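Here are my notes for a colleague who is opening this structure for the first time. Please read them as numbered points with the structure in view.

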Amino acid sequence: MTYLRNAWYVAALSSEIGEKPLARRLLDQDMALFRTQDGAIGLIADRCPHRFAPLSMGVVRGAEIECAYHGLRFGRDGRCAHNPHGDGRIPRGADLPAWPTQERYGFVWFWPGDPARADAGLIPELPFNDDPARFAPVYGYLDVAGNYQLVVDNLLDLSHVEYLHPMFAQPEGVSAHKTQLIVEDDVVISKRWKPNVAIQGLARLFWTSPSQRFDARAHMTWRAPSAMVFDLGGTECGATDEDGVCLPQAHLITPASEFRCHYFWSLARNRQIDDAQAGERIRTVTQRVFETEDARMIEAQQRNMGAVSDMMSLRPLSLEPDAPAMRARRILAEKIRLEQEAGRVAAQ
Amino acid sequence: MTYLRNAWYVAALSSEIGEKPLARRLLDQDMALFRTQDGAIGLIADRCPHRFAPLSMGVVRGAEIECAYHGLRFGRDGRCAHNPHGDGRIPRGADLPAWPTQERYGFVWFWPGDPARADAGLIPELPFNDDPARFAPVYGYLDVAGNYQLVVDNLLDLSHVEYLHPMFAQPEGVSAHKTQLIVEDDVVISKRWKPNVAIQGLARLFWTSPSQRFDARAHMTWRAPSAMVFDLGGTECGATDEDGVCLPQAHLITPASEFRCHYFWSLARNRQIDDAQAGERIRTVTQRVFETEDARMIEAQQRNMGAVSDMMSLRPLSLEPDAPAMRARRILAEKIRLEQEAGRVAAQ
Amino acid sequence: MTYLRNAWYVAALSSEIGEKPLARRLLDQDMALFRTQDGAIGLIADRCPHRFAPLSMGVVRGAEIECAYHGLRFGRDGRCAHNPHGDGRIPRGADLPAWPTQERYGFVWFWPGDPARADAGLIPELPFNDDPARFAPVYGYLDVAGNYQLVVDNLLDLSHVEYLHPMFAQPEGVSAHKTQLIVEDDVVISKRWKPNVAIQGLARLFWTSPSQRFDARAHMTWRAPSAMVFDLGGTECGATDEDGVCLPQAHLITPASEFRCHYFWSLARNRQIDDAQAGERIRTVTQRVFETEDARMIEAQQRNMGAVSDMMSLRPLSLEPDAPAMRARRILAEKIRLEQEAGRVAAQ
């Protein structure tokens with residue numbers, strides 16, 4: 001299908017790319033991810049031009065990946081660097097597509113569009129993943145059998161927490177929240193907060209003060225195509241955000257294909273940052289909730305939508321908390337339209 | 001595909017609908033079944049109009065079912081009864097299709113055609129499931145990966161028992177049976193009996209007299225589209241049916257889709273009616289035979305027929321015991337044809 | 001798809017056909033294999049003409065197979081031989097397609113083309129499977145989810161051993177081998193040998209002499225469509241082949257359908273021929289290598305090729321060791337073309 005191509009997407013968690021290469025379908029393309037012996041990341045088409053073996057089944061030799069079937073080797077730039085057979089010459093047509101990558105904030109990013117425009121400065125900022133003095137992050141990954149925009153919808157409308165996540169629901173219900181929608185150029189911010197409520201949610205796990213009530217906030221910031229930063233926290237009533245429990249998160253969604261996506265997430269905390277057990281505990285809880293509640297629902301939605309990825313074409317009913325996701329969908333659709341148009345102009 | 005619509009079909013066993021809603025595909029439509037807090041049964045489309053979540057994943061709140069994703073609530077009539085968001089108004093287009101239901105004889109029946117014609121008096125009579133002084137029924141359900149008419153064929157030609165069910169086969173073989181085909185209006189009765197044979201079959205489990213031989217009968221009565229009542233029993237040679245072992249059964253088949261169906265059954269007994277263990281024993285044996293012998297064969301037939309549901313279009317060979325099923329297929333095809341024709345006339 | 005039809009293919013290992021019939025898809029046709037009570041092999045269409053039940057679910061009665069659903073019986077020639085119903089007459093149109101079979105060398109062969117041309121003398125010779133005084137064979141079978149020609153490619157280019165089978169790789173690498181390609185009429189011989197190398201590979205398991213080095217050979221002989229004889233062995237340096245360890249093998253590939261094939265193999269040894277444990281050991285090792293290394297790679301290739309069975313249409317890169325497989329592909333394509341043309345002429 002048609003995706004926004006001139007953008008950074010996440011291909012993998014940094015921790016996923018060790019000694020063994022990794023196969024991953026990204027934007028309808030099968031790719032092989034590997035880490036060279038000096039630590040650089042390669043991302044090339046996962047199909048040897050000789051007999052179409054997946055290179056992700058191969059092994060890394062120095063700066064190259066070697067095909068597991070007949071031994072051709074390829075560099076990070078996709079060029080065939082070694083042919084062990086016959087006179088060793090590299091035949092024409094042996095090179096493979098390769099994509100620019102960046103490793104930052106614990107994620108491997110790639111740029112599926114024009115490589116000349118792959119500016120690392122455009123990677124969304126996740127400073128809390130790069131500030132070990134103040135924050136300790138944990139990471140997770142889910143493979144979701146649904147269109148990536150359904151995951152974005154899920155995250156931009158957190159009213160679902162009251163229904164889908166009984167563990168985090170408020171006794172006051174959905175109406176206890178204050179909300180604000182801010183759109184700044186191409187950025188959509190969906191703010192949601194509850195002043196002076198009973199301590200609840202993830203923040204409760206790190207709450208140590210004797211206060212029984214706090215100011216809670218859950219602000220989601222979306223950037224096209226599908227990168228979200230989530231400012232989750234709770235403070236003493238009336239205090240400033242930074243002085244309370246801060247659980248800043250990244251939710252980064254990458255389409256695998258029309259009906260499947262990769263959901264990468266990180267959750268940092270400014271409490272118990274040296275306590276690895278606390279980190280593992282919150283990682284496990286978060287991953288389980290995403291898998292058994294969010295992903296399960298999104299996959300059921302997709303099954304119910306059948307072979308349709310554009311939910312809007314099915315004329316869904318609109319409710320008040322849908323506004324942020326609708327804005328994000330419109331902004332993304334317009335950016336894709338402009339990119340396609342520019343491509344057609346360039347092709348003339 | 002095209003089904004007879006103005007008819008009662010079974011949607012579920014009564015015992016399947018407890019506190020949790022149930023998802024079931026019926027006549028090519030995904031439906032949610034639920035029981036309200038006062039015990040009534042609701043059957044509505046299993047797709048919330050807001051974000052297409054399956055309502056069957058939700059929870060019952062009083063007389064309504066609440067969507068598990070964002071909390072819309074719907075009544076048994078399919079109308080959206082509650083919107084927890086914003087000003088709480090119910091948007092237009094929020095109502096869902098709903099179907100008439102009846103709970104009777106241990107089954108939940110529904111009427112997929114014109115609701116005005118859903119006369120409860122048309123539900124097939126199964127008095128033995130409603131007569132606890134004389135009969136104790138047990139119930140079962142199978143999901144069969146084959147067209148529903150293959151199951152009807154199976155039940156209307158019991159000569160297969162001699163080959164498919166070695167446990168119930170007669171030493172005398174298939175030729176020991178007497179058979180009679182009766183067609184009364186739209187009812188097909190396939191009678192099959194064996195006077196004065198060795199005690200065998202299910203009836204043997206309840207035979208207590210010292211006699212070594214009995215008169216056995218196995219009479220199947222079909223009504224369109226796919227409801228069968230089975231009069232199975234054995235009596236002292238020459239005695240009247242009611243005085244012997246009576247195991248009257250219902251076999252009620254509901255299409256899920258072209259290549260899948262639901263097989264609901266009940267088996268009542270007039271012996272050991274207070275012995276729950278005896279009931280559980282016969283339920284287990286019957287369910288196992290249906291699953292490992294009948295359903296296994298029907299699914300193999302369907303696989304061998306490929307993407308064809310109308311077996312007759314493959315020009316099968318006809319043998320003598322096919323006559324009852326062939327009559328039933330012709331009667332049903334004609335009723336569907338007339339219903340379609342009436343629909344076209346009404347639409348003009 | 002289009003196959004060479006006037007040829008012997010393997011339908012099964014002899015040991016697979018015991019008392020129970022066997023279902024197998026061969027050249028896009030579902031077939032039932034059975035052994036009559038006097039030991040002859042029947043191969044008929046696996047679809048009863050009555051209600052399309054698979055005959056492979058049935059039982060053998062004397063010289064016939066009986067349908068498990070309603071008891072029709074069929075002979076090895078496909079003719080319906082018994083109808084237990086009604087007056088017992090066999091209706092017209094009750095006969096089934098049947099194919100000529102031969103049991104030889106531990107395999108069941110069948111001829112999918114013109115039965116008049118099914119000359120048993122055309123079965124590839126595997127004398128080592130029929131010479132118990134000198135050789136002890138073991139047998140194996142794999143179901144491979146890939147086009148059959150990918151398996152032929154694999155076997156005609158053994159340079160893959162250095163990469164795909166680390167257990168059998170040479171320290172000297174792929175360049176240590178000498179190779180020769182011989183094409184005699186329709187036979188392709190891919191010779192591959194290494195004089196005076198360290199003892200390695202399967203032959204090592206049977207090497208008992210104190211010599212530390214040997215002459216190794218691995219010669220593959222292909223006959224259309226997909227029958228290969230593999231002369232694998234190792235001898236004292238300079239000695240004649242017969243005096244060393246000989247592990248002659250058959251690799252016989254039969255298409256199931258466009259994207260699936262059956263891989264039958266045998267491996268005979270001229271050492272420890274009375275040692276059943278040694279035989280079981282080498283059978284287990286070989287089967288495991290084929291499954292976890294060769295079949296796994298071939299299935300990955302096929303997935304990477306998508307819904308394409310003709311690898312050449314994807315313009316693969318050619319390397320030096322591809323020559324034998326390319327010759328075999330061309331010879332087979334030409335034979336299929338001629339057969340199709342002759343069919344068209346005959347049909348005029």
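1. In this predicted model, the domain assignment divides chain A into domain 1, covering residues 20–99, and domain 2, covering residues 127–337. When the centres of these two domains of chain A are taken over C-alpha atoms, they are separated by 37 Å. Four residues from domain 1 of chain A and four residues from domain 2 of chain A make up the contact, and the side of domain 1 that touches domain 2 consists of two nonpolar and two charged residues, with no polar ones.

2. Within chain A, helix α1 (residues 148–156) packs against helix α3 (residues 276–305) at an angle of about 130°, and their axes lie 10 Å apart. An angle over 115 degrees that is not over 145 counts as oblique, and α1(A) and α3(A) are therefore described as oblique to each other. The crossing of these two helices, α1(A) and α3(A), is right-handed. On the side of α1(A) the contact is made by A:L150, A:V151 and A:N154, while α3(A) contributes A:D294, A:I298, A:Q301 and A:Q302. Sorted by class, the residues in this contact of α1(A) with α3(A) are three nonpolar, three polar and one charged.

3. Turning to chain C, helix α1 (residues 148–156) packs with helix α4 (residues 323–347) at an angle of about 145°, with 8 Å between their axes. Here too a handedness can be given, since α1(C) passes α4(C) in a right-handed crossing. The residues that make the contact are C:Q149, C:V152, C:D153 and C:L156 from α1(C), together with C:P324, C:A325, C:A328 and C:R329 from α4(C). By class, this contact of α1(C) with α4(C) holds five nonpolar residues, one polar residue and two charged residues.

4. Between chains, 19 residues of chain B are in contact with 18 residues of chain A. The side of chain B that touches chain A is made up of ten nonpolar, seven polar and two charged residues.

5. How are chains A and B related in space? A turn of 120°, with a shift of 0.0 Å along the axis, lays chain B on chain A with an RMSD of 0.0 Å, and the two copies are thus related as by a three-fold rotation axis. Within chain B, the C-alpha that lies nearest this axis belongs to B:A307, at 11 Å from it.

Note on methods:
Residues numbered from 1 in each chain as written. Chains lettered and ligands numbered in written order. Predicted model: local features only at pLDDT ≥ 70, side-chain atom pairs only at ≥ 80, totals over all residues. Axes fitted to C-alpha atoms, helices over the stretch in contact; angles between N-to-C directions. Helix = DSSP H or I, 4+ residues; strand = E, 2+ residues; numbered from the N terminus. Left-handed = near helix turned anticlockwise from the far one by under 90°. Contact = placed C-beta atoms within 7 Å. Nonpolar A, V, L, I, M, F, W, Y, C, P; charged D, E, K, R; others polar. Parallel < 35°, antiparallel > 145°, perpendicular 65-115°, else oblique. Domains from an automatic or database assignment. Least-squares fit on C-alpha atoms with pLDDT ≥ 70 in both.
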